[in-house]
Amino acid sequence: MISIGGRLTIWPDRCRGCRSCQMACSFTKTLEYNPSASYIILERDLETEKTAPMIKSLRCDLCGGNPACAAACSYKAITFEPNWESGSCE
Amino acid sequence: MTRPIDRTWFVDLTRSQVHVEERTYDEVADVLGGSGFGWRIVANRLPSGIDPFSPENMIVLNPGTLVGTRVMGASKLTAITKFPTVASADHRYYVGSCTSGGRYFAIGMRQAGCDRLVIQGKASEPVILAIRDGGLSIEPAGDLWGKGIDEVSRTLIEQEGQDAGVLVIGTAGEKLVRSALTIIDRTNSLGRGGLGAVFGSKNVKAVVAHGTGSIRVADPIGYNQIADELCERAMTWPRREHWIKLGLAAGWSTFKHTQNPGMWEKESWDKLYGEEKRLESLRAVIACASCPLNCRLRWVLPGGEFDGEQGLGSPYSKSATSGQLLGIEDDRKMIHLVTEANSYTGIDFYTTTRLIDFVTRMAERGRIPAEQDGITLARDYPTYQRLYTMTANREGLGDILADGWYRVQEELGLDPSEYWYAGVCKGVDFIYDARPSRFHPLMMTFLTRPRPHHGGSHTRTNSRGKTLEEIRDQAAHWGLSDEVMDRIFLETDYSGKFNVGRYTAYMEDLMRVKNAIGLCTIYTYQALIFADDMARLYSAAVGEQINARELIRRGERVSNLAKMINVRDGFSRADDQPPDVWFRPMEAPEGRIEMEDYYQTKTLHREDLAHMLDDYYEERGWDKTSGHPTPEKLAALGLSI
């Protein structure tokens, strides 16, 4: 969970591995698509091919309050609540 | 606005040499880059008349032009090669293309700066090809040669890093089994009809793709807006919830009518292999890159002798049809065989099953001796298991089955035209049968494409029961003139309410477009992306404004290139013939099923299909007698092959 002006939540069980979050992240930063340069690592379990997003939290600035990864995730594995205040709920 | 550069990497395995050819996009744009330009390379550099297993054969791997961007469905890789399937009694071989999605491989190629890989020659020992940022390296396969697909895939990913893409052949590809395919990223199959065997003939066990560079489009803001708009369509698609729950396992309601061998009562089949049954083993649905629908599957078998066995891919349709053909009621037994094919041997499950069905039933009927080299042919599961293994290993009778339908004819005296399900054309058994499916345009492409598989041609017409308005609305996005549309949607007494022959010509051209740009066929099958959307995407990606009509015109250019390459190798209209079995009624428990037109207005006969083929060639501007593109047509398209 990251909470800089809102709450970004990862729901690993929902991830289907499409990498849209990585592409959206890199595009927002550079106007180019590059999963390797995004602030998201998609952890891949080779036993099951299950993937789960992990945010490089020290680098992520939540795209200034409208995180592209959450908007791009079709499976709601990354969600964002813009008006969340730290400590108000969990 | 920066226009992309097109880079083709060439590797000559005989000489261990690699070189890169770089082109401006203008130089590849007339065939849409991607696999379109791959076809041009094949047209210019692949000698005609060669054996598919000779070092002169080439494999061209082409990620689509849009692959690696955040456009839904843009995950596709197209491979072009001369396939080793024996395609005629006089042993000709077609040059064809095959496509597959994936999560890592095609993107990894593009990120490394490889828009296309051309593999020629033959390595002196088994090798792995590695596509990385610094270029291509040829590395010893070592003890990976001889191992199964999934073990090799995992080993390579563990060595290279979790974002590495892998394309791997199985043991059947190593042994040159002519149906053997490849598996990409562990979940997607590529190249039934022998792409895996061509890799094996070159001593290439696997290709790894792992780049870290950026993928650029000419108009990033405009492109991204279109991507968002299209994604919204998928997100609001009424069937999405069902689809993302089941992936490709969701197709049963359509599939049970179209791929039904007609041996069991449909209700029994439903209970044994239907959606409820699939849910017992389905554990997860996995997406290809940028896909909001997802269709790849992970399953774990519950109970029985294969309890706990896991697999990846899409086993349900294959196992359901094959289970009925072989009379195996326990779906887990059939899924186990699919798992072995996907994760170990890489044999094509459709072809191998049908050959096994053919020879065991012919032995039962006394047409061939039950005692064959290395096995007694019986209609039971242990015999089938043994035959799959013998085929993959080329042992005994399996060596004959490994060479396909014409070798079975030569060695056992069984004519492929006698086979009772789906039919065989150019040495390939179709995955659908035109009788339960009805004669829809995709069945036509099985006849007219150089490689008789759908190749990603789907439109709304591939499901039964679509209204004429729905079919026409989708075609209206192709940018065709009113005159052409009127020809396509003119009712005739041989084709029904629309002209399948003329429709198919443009559907195939659209397929060439999808393959060149790398767009999954599911999105045209479900009418979520239209041809004019593709034109907008392509324009924004490469910085050249073109409309749908021009896009399809360029697809037509690729169709003509592909056809001419095969004309050079002796193919003609005589090879595009419908299989005899389509004209023999299927005697199903619910009654006789004859091949009918899409709206079931009449039974189709040979002369009806001949008429549709006439219309297809005429619409293409090809000679109706030979089925060859005319010099005038080639000149009009600017082709000099």
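Helices here are DSSP runs of H or I with at least four residues, and strands are E runs of at least two, numbered from the N terminus. With that in hand, here are some notes on the model, which is a predicted one.

1. **Chain A in outline.** Counted that way, chain A has 2 helices and 4 strands. Read from the N terminus, its elements follow the pattern β-α-β-β-α-β. The chain has 90 residues, and 41% of them are buried. Among its contacts with a separation of 6 or more, 60% join residues that sit 24 or more positions apart.

2. **A backbone angle to look at in chain A.** A:Arg19 is not a glycine, yet its phi is positive, at about 70°. You will find A:Arg19 in the loop that links β1 (7-10) to α1 (20-30) of chain A. Is A:Arg19 buried or exposed? It counts as buried, because 29 C-beta neighbours lie inside 10 Å and the cut-off for a buried residue is 20 or more.

3. **A second one, in chain B.** B:Ser16 also deserves a glance: its phi is positive, near 50°, and it is a residue other than glycine. B:Ser16 belongs to the loop between β1 (5-12) and β2 (17-24) of chain B. Here the surroundings are sparse enough for the exposed class, since B:Ser16 has 12 C-beta neighbours inside 10 Å and exposed means 12 or fewer. As background for both points, most residues other than glycine have a negative phi.

4. **Where the chains meet.** On the chain B side, 32 residues are in contact with 23 residues of chain A. Which elements of chain B give two or more residues to that side? They are α3 (149-160), α6 (220-235) and β13 (282-286). The largest share, 4 residues, is that of α6(B). Sorted by class, this side of chain B holds 13 nonpolar, 11 polar and 8 charged residues.

5. **The nonpolar cores.** The largest nonpolar core contains 198 residues, and B:Ile131, B:Val208 and B:Met534 have the most contacts inside it. Helix α21 (residues 500-517) of chain B is the top contributor, giving 10 residues to this core. Another core lies apart from it, with 23 residues that include A:Leu8, A:Ala24, A:Phe27 and A:Ala77.

6. **Around B:Val208.** If you would like to inspect this spot on screen, set aside the neighbours within four places in sequence. B:Val208 is then in contact with B:Ile128, B:Ala130, B:Ile131, B:Leu156, B:Glu160, B:Ala164 and B:Val166. B:Ile131 is thus both a contact of B:Val208 and one of the residues with the most contacts inside the largest core.

7. **Around B:Cys114.** This cysteine lies in the loop between α2 (105-111) and β6 (116-120) of chain B. B:Cys114 is buried, because 23 other C-beta atoms lie within 10 Å, and 20 or more is the requirement. Leaving out residues up to four places away in sequence, B:Cys114 touches B:Arg7, B:Trp9, B:Met109 and B:Ile131. From B:Cys114 to B:Glu594, which is 480 residues away along the chain, the C-alpha separation is 49 Å.

8. **A three-stranded sheet in chain B.** Here 3 strands make an open, antiparallel sheet in the order β13-β14-β15. β13 and β15 (310-313) of chain B are the edge strands, each pairing on one side only. On average, neighbouring strands are turned by 15° against each other, direction ignored. Strand β14 (residues 296-300) pairs with β15(B) over 4 bridges in the antiparallel sense, and B:Val300 has B:Gln310 in β15(B) as its bridge partner. Helix α12 (residues 331-345) of chain B packs on the sheet, where it touches β14 and β15, and its direction makes about 65° with that of β15(B).

9. **A helix pair in chain B.** Helix α18 (residues 441-448) packs with α21(B) at an angle of about 75°, and their axes are 9 Å apart. The two helices are therefore roughly perpendicular, as that class covers 65 to 115 degrees. From α18(B), the residues B:Pro441, B:Met444, B:Thr445 and B:Thr448 meet B:Val500, B:Gly501, B:Tyr503, B:Thr504, B:Met507 and B:Glu508 of α21(B). By class, the residues of this contact are 5 nonpolar, 4 polar and 1 charged.

Definitions and conventions. Residues numbered from 1 in each chain as written. Chains lettered and ligands numbered in written order. Predicted model: local features only at pLDDT ≥ 70, side-chain atom pairs only at ≥ 80, totals over all residues. Contact = placed C-beta atoms within 7 Å. Nonpolar A, V, L, I, M, F, W, Y, C, P; charged D, E, K, R; others polar. Core = buried A, V, L, I, M, F, W, Y, C linked by C-beta atoms within 7 Å. Pairing = 2+ DSSP bridges. Axes fitted to C-alpha atoms, helices over the stretch in contact; angles between N-to-C directions. Parallel < 35°, antiparallel > 145°, perpendicular 65-115°, else oblique.
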